[in-house]
Amino acid sequence: MPGRRGICSASPASYEIAPRAPQVYFTETSRKFQRRTIFLAAFEGTSTGRLLAFHPRNRSVEVLVDGLLMPNGIALEPNADANADSALVFSCDQGRLCRFD
């Protein structure tokens, strides 16, 4: 998914549409490897995954979190303290769930 600021996703893994704001959150398993060779990212063990947001109003892509180790799932959770959502991201290599506010 090309972005206006040169941000491009080689291996988008999952996405979630935000209910409160018109944007789409998605994970990228690796900046280095494409989907057909993603198993190489597991062997290499480098943290080149990202959490990104696509803003349809201005057609831009924003990097929210960089340096994740093979993120491969996302879910949004309402945040009662703020007028926003928290992103729950699953990291398939370590089997852990991370929360980003």
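**Lys32 and Glu44.** I looked up Lys32 and found it exposed, at 51% relative accessibility. The cut-off for exposed is over 50%, so Lys32 with its 51% falls in that class. This is a predicted model, and I read every value below with that in mind. Next I asked which residue Lys32 meets in a salt bridge. The partner is Glu44, with 2.7 Å from N to O. I placed both ends: Glu44 sits in helix H1, Lys32 in the loop between E2 and H1, and 12 residues separate them. Glu44 is partly exposed, with 35% relative accessibility.

**General layout.** I then went through the secondary structure. The protein has 7 strands and 1 helix. Along the sequence I read the order β-β-α-β-β-β-β-β. Of the 101 residues, 41% are buried. I also checked the contacts with a separation of 6 or more, and 39% of them are between residues 24 or more positions apart. The exposed surface of the protein comes to about 6,000 Å², and 52% of it is supplied by carbon and sulfur atoms.

**Helix H1 and the patch.** I noted that helix H1 covers residues 39–44. Phe43 belongs to this helix. Is Phe43 buried or exposed? I found 69% relative accessibility, so Phe43 counts as exposed. Phe43 also contributes to a nonpolar surface patch of about 350 Å², together with Phe39 and Leu40.

**Salt bridges, count.** How many salt bridges does a search of the whole structure find? I got 3. The pair of Glu44 and Lys32 is entered above; the other entries follow.

**Glu28 and Arg50.** I looked up this salt bridge and read 2.6 Å between the closest N and O atoms. Glu28 is in strand E2, residues 24–28, and Arg50 is in strand E3, so the salt bridge ties together parts 22 residues apart in sequence. I checked the burial of each end. Glu28 has a relative accessible area of 1% and is buried. Arg50 is at 8% relative accessibility and is buried as well. The limit for buried is under 20%, so the 1% of Glu28 and the 8% of Arg50 both qualify.

**Asp66 and Arg31.** Here the closest N and O atoms of the salt bridge are 2.4 Å apart. I found Asp66 in strand E4 and Arg31 in the loop between E2 and H1, so this pair connects parts 35 residues apart in sequence. Asp66 is partly exposed at 47% relative accessibility. Arg31 is partly exposed too, with a relative accessible area of 37%. A general note for this page: side chains of opposite charge can pair when their charged atoms come close.

**Strands E3 and E4.** Arg50 took me to E3, and Asp66 to E4, and I looked at how these strands pair. E3 spans residues 49–55 and E4 residues 60–68; they run antiparallel and are joined by 7 bridges. Which residue in E4 is the bridge partner of Ala53? I found Glu62. The two strands form a hairpin, with 4 residues between them. In the turn I checked Arg59, which has a positive phi of about 55°.

Conventions:
Residues numbered from 1 in each chain as written. Predicted model: local features only at pLDDT ≥ 70, side-chain atom pairs only at ≥ 80, totals over all residues. Heavy atoms only, no water. Buried < 20%, exposed > 50% of the residue type's maximum accessible area, 1.4 Å probe, protein only. Contact = heavy atoms within 4.5 Å. Areas by Shrake-Rupley, 256 points an atom, 1.4 Å probe, with all protein chains shown as cover. Patch = residues over 30% accessible without salt bridge, like charges linked within 9 Å, V, L, I, M, F, W, Y side chains within 5 Å. Salt bridge = Lys/Arg side-chain N within 4 Å of Asp/Glu carboxyl O. Pairing = 2+ DSSP bridges.
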